[in-house]
Amino acid sequence: MGRAYQNRKESMAKTAAAKTKVYSKYGREIYMSAKSGGVDPQANLSLRGLIERAKKDQVPTHVIEKAIDKAKGGAGEDYSTARYEGYGPGNCMVIVDCLTDNPNRTFGDVRLAFTKTKCKIGTPGAVAHMFDHCAIFVFKGQDEESVLEALMEADVDVTDIENEDETITVFTPNTEYAKAKQALEDAFEGIEFEVDEIQFLPKTTTPVEGDDIPMFEKFMDMLNDLDDVQNVFHNAELPQE
């Protein structure tokens, strides 16, 4: 099926300033996960996955520990989630996920990124129905039958499973994340996930061409530069270089 997911490695920080933003975003996400689901990574699979991703993205241990310690204390910032949807350059569909301690500020900042690039921010649900909210697990392997069997035995609702270049990709509904991860870890000792996260996967793609390409890049840069923005999902299909 070849479902396209966005690999964070492609957008890893390249400068010190950008790295600081990456650290900050992970710090917020780890803090919120630990605060809501508990500070023990063994009991909180969402937190464990975040910590593993943070380490792969070269986030220093002290940043991770500081976020968890802050959650242990019970004090600190009161972040809330915010999701914005709309249409980007070339009429592509966009979902912007944020963690914010000031929703009014965040909405204004996100809306400015849309208006400055001649895009249109929509109402909640405007484009989300054109995406599947999926948990994605990517790991080395060839025997997709045994993977599927392990997931089925754990009563996991599997959306799709792919086997390509000795790499297996499992897609499940986002609500099955914890159950699917636990099933895979129980069935395959020492499994290492190349991708282990929840994303919005587009059901269709929209070609972005011509003058819309630099505008799309500017739009994405503006969003990613915002401290409150955690993830940006889109269905834009850019020309292959």
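**Close-up 1. The largest nonpolar core, in a predicted model.** This core has 19 residues. Val 96, Cys 98, Val 110, Leu 223, Val 229 and Val 232 make the most contacts inside it. Five elements, β1 (80-87), β2 (93-100), α4 (103-116), α7 (212-224) and β9 (229-234), each put in at least two residues. Helix α7 is the top contributor, giving 4 residues. As a general backdrop, nonpolar side chains in soluble globular proteins tend to be buried together.

**Close-up 2. Val 110 and the residues it touches.** Leave aside anything up to four places away in sequence, and Val 110 still touches Tyr 84, Val 96, Cys 98, Ile 121, Leu 223, Leu 226 and Val 229. Some of these names should ring a bell: Val 96, Cys 98, Leu 223 and Val 229 are among the residues with the most contacts inside the largest core, and so is Val 110 itself.

**Close-up 3. Another core, set apart.** Here you're looking at a core of 17 residues that lies apart from the largest one. Its members include Met 32, Ala 54, Val 59 and Ile 68.

**Close-up 4. Cysteines without a disulfide.** If you're hunting for disulfides, the structure holds 0 of them. Take Cys 98: the nearest cysteine sulfur belongs to Cys 119 and is 15 Å away. Cys 98 has 4% relative accessibility, so it counts as buried. What about Cys 119? Its sulfur has its closest cysteine sulfur in Cys 92, at 7.0 Å. A disulfide needs the two sulfur atoms within 2.5 Å, so that distance is too far for a bond. Cys 119 counts as buried too, because its relative accessibility is 12%.

**Close-up 5. An open sheet of 4 strands.** Follow the strands across and you get the order β5-β6-β4-β7, with antiparallel pairing. At the edges sit β5 (160-164) and β7 (193-202), each pairing on one side only. From one strand to the next, the twist averages 20°.

**Close-up 6. Where β5 meets β6.** Strand β6 covers residues 167-173 and runs antiparallel to β5, with 5 bridges joining the two. For one pair to look for, find Ile 161: its bridge partner in β6 is Val 170.

**Close-up 7. Helix α6 on the sheet.** Made of residues 177-187, helix α6 packs on the sheet and touches β4 (131-140), β6 and β7. The direction of α6 makes about 150° with that of β7.

Definitions and conventions: Residues numbered from 1 in each chain as written. Predicted model: local features only at pLDDT ≥ 70, side-chain atom pairs only at ≥ 80, totals over all residues. Heavy atoms only, no water. Buried < 20%, exposed > 50% of the residue type's maximum accessible area, 1.4 Å probe, protein only. Core = buried A, V, L, I, M, F, W, Y, C linked by side-chain atoms within 4.5 Å. Contact = heavy atoms within 4.5 Å. Pairing = 2+ DSSP bridges. Axes fitted to C-alpha atoms, helices over the stretch in contact; angles between N-to-C directions.
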